[in-house]
Each structure stands twice: as structure tokens, then as C-alpha cells.
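Biologist: Could you give me a close look at one part of this model and follow it outwards from there? Please spell out your cut-offs as you go.

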Amino acid sequence: MKAAQENLVTLNINGLQKNLYVRNAETLLYTLRDQLGLMGAKPGCENGDCGTCTILIDGTPINSCHILTVEAVNHQITTIEGLLDQTVQNDFIKNWAIQCGYCTPGYVLNSYALIENCPDPDDAVIDEWLESNICRCTGYQEIKEAVKSMLNVRKNKNGSYY
């Protein structure tokens with residue numbers, strides 16, 4: 001039973017269409033977590049500074065605490081649960097870029113988008129992409145090394161990382 005102020009929307013999440021009722025003021029972060037059980041996007045600062053709630057919308061990293069669910073209709077949403085290729089996660093593990101793990105899903109999605117959108121970034125570009133996320137364990141160097149490792153693998157495979 002829907003509340004009077006809720007609207008039926010259809011979201012494209014991880015390749016599946018989901019119909020659900022949402023309030024107009026509900027953020028995508030809480031729709032993902034509370035209605036769909038997708039817990040990979042984490043609540044952190046909830047003002048867009050920490051990146052723990054990062055998801056991909058049409059391949060672009062977005063803080064899900066900053067977008068209303070109704071704004072995500074007609075877009076492709078990818079959460080960490082939908083990133084089926086484990087290659088990025090494996091490189092994070094190999095490089096000890098996981099620390100406590102709270103920020104890791106956001107960093108993994110942000111790194112995946114970096115690799116897809118900027119196939120040959122220099123250090124400044126990598127730093128710029130990664131600065132949208134905060135690691136309270138201060139594992140920044142390990143995270144950057146994981147990204148560089150992924151980029152080297154991609155170069156050695158003639159541009160195809162996967």
C-alpha cells in the first residue's frame with residue numbers, strides 16, 4: 001500500500017527494471033538501501049563530500065545522497081552489486097587498497113568509471129578523479145596504486161582491460 005504522497009517510478013538498476021513507490025523528496029541512496037536492499041552505497045557525510053554513496057548513472061560517478069530517486073528515472077544505474085566483473089575489486093585486494101572497507105565500493109565504482117572514460121590518464125587526472133572520495137583510513141596511496149595497476153594491465157592487453 002502506498003502512502004498518499006508517493007509516486008510509482010521505474011528504475012533501471014544493474015540491468016533490471018524495478019517498479020517502486022517513492023516520495024518526491026527521497027534520495028536515491030535511501031531508495032537503494034531501504035527499498036531495494038542494495039547496501040553497497042553507504043551513507044557517510046550525506047552532503048556529497050565523502051563519496052561513500054557513489055554509484056554510476058549512465059557510466060558517470062554520482063553521489064547517490066545528492067540525487068533524488070525521481071531524477072534517476074530513465075537512466076542506467078549501476079551499484080557495486082551490479083559491477084559483475086570482479087577485476088577492479090581484485091586489483092584493490094592485490095594492492096591492499098581496501099582498509100576497513102567502508103569507502104571501498106565508492107572507490108571501486110569511481111575507479112571503474114575512470115578507466116572506462118579516461119583510458120590513459122596521468123597522475124594529475126587520477127588524483128582529480130579520486131579526490132571525490134574520502135578514505136578515513138588514509139589508504140590513498142594503495143588506492144592510487146590499484147588504479148595504476150589496472151591501467152597497466154589494460155595497456156598490456158592493447159586497450160582492453162577486461
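**A helix across the sheet, and what surrounds it**

Modeller: Happy to! Let's start with α3, which lies across β3 (54–57), β4 and β5 (76–78), running at about 35° to β3. Contact here means heavy atoms within 4.5 Å; the angle is taken between N-to-C directions, from 0 to 180 degrees, with axes as lines fitted to C-alpha atoms, for helices over the stretch in contact. Helices (H or I, at least four residues) and strands (E, at least two) are DSSP runs, numbered from the N terminus. Please keep in mind that this is a predicted model, where local features need pLDDT of at least 70 and side-chain atom pairs count only at pLDDT 80 or more, while totals for chains, interfaces and linings use all residues. Residues are numbered from 1 along each chain as its sequence is written, and side-chain values use heavy atoms, with hydrogens and water left out.

The sheet beneath is open and has five strands in the order β2-β1-β5-β3-β4, with mixed pairing; two strands pair if DSSP finds at least two bridges between them. The edges belong to β2 (16–23) and β4 (60–63), and each has a single partner strand, so one side of each is left without a neighbour in the sheet. On average, and with direction ignored, neighbouring strands are turned by 45° against each other. As background, strands of a sheet pair through backbone hydrogen bonds, either parallel or antiparallel. Here β1 (residues 6–13) and β2 run antiparallel and are joined by eight bridges. One residue pair to look at is Leu11 with its bridge partner Lys18 in β2.

Strand β1 also holds Asn12, which is buried, with a relative accessible area of 13% (buried means under 20% relative accessible area, exposed over 50%, partly exposed in between, for a 1.4 Å probe and protein chains only). The side chain of Asn12 makes a polar contact of 3.2 Å with that of Gln17. By polar contact I mean a pair of N or O atoms within 3.5 Å; within protein, one must be able to donate a hydrogen and the other to accept it, and residues adjacent in sequence count only if both atoms are side-chain atoms. Apart from its neighbours within four places in sequence, Asn12 is in contact with Gln17, Asn74, His75, Gln76 and Ile77.

Between β3 and β4, the loop contains Asp58. Its phi is near 55°, a positive value in a residue other than glycine, and Asp58 is partly exposed at 45% relative accessible area. The loop between α2 and α3 holds Trp96, where phi is near 55°, again a positive value in a residue other than glycine. Trp96 is exposed, with a relative accessible area of 65%.

Now to the helices. α5 has 17 residues and reaches 24 Å from its first C-alpha to its last, close to the 24 Å expected at 1.5 Å a residue; that expected span is 1.5 Å times one less than the number of residues. Buried residues in α5 are Ile143, Lys144, Ala146, Val147, Ser149, Met150, Leu151 and Arg154. Their cover includes α2, α3 and α4.

The structure also holds four salt bridges, each being a side-chain nitrogen of Lys or Arg within 4 Å of a carboxyl oxygen of Asp or Glu. Among them is Asp120 with Lys155, whose closest N and O atoms are 3.2 Å apart. Asp120 sits in the loop between α3 (104–117) and α4 (123–130), and Lys155 in helix α5 (residues 140–156), so this pair ties together parts that are 35 residues apart in sequence. Asp120 is exposed at 57% relative accessibility, whereas Lys155 is partly exposed at 48%.

Another of these bridges joins Asp123 and Lys148, with the closest N and O atoms 3.0 Å apart. Asp123 belongs to helix α4 and Lys148 to helix α5, so the pair ties together parts 25 residues apart in sequence. Asp123 is partly exposed, with 38% relative accessible area, and Lys148 is partly exposed, with 26%.

Within a single helix, Lys94 and Asp91 meet in a salt bridge through their side chains (3.1 Å, N to O). Both lie in α2 (residues 87–94), three residues apart, about one turn of the helix. Lys94 is exposed at 58% relative accessible area, while Asp91 is buried at 3%.
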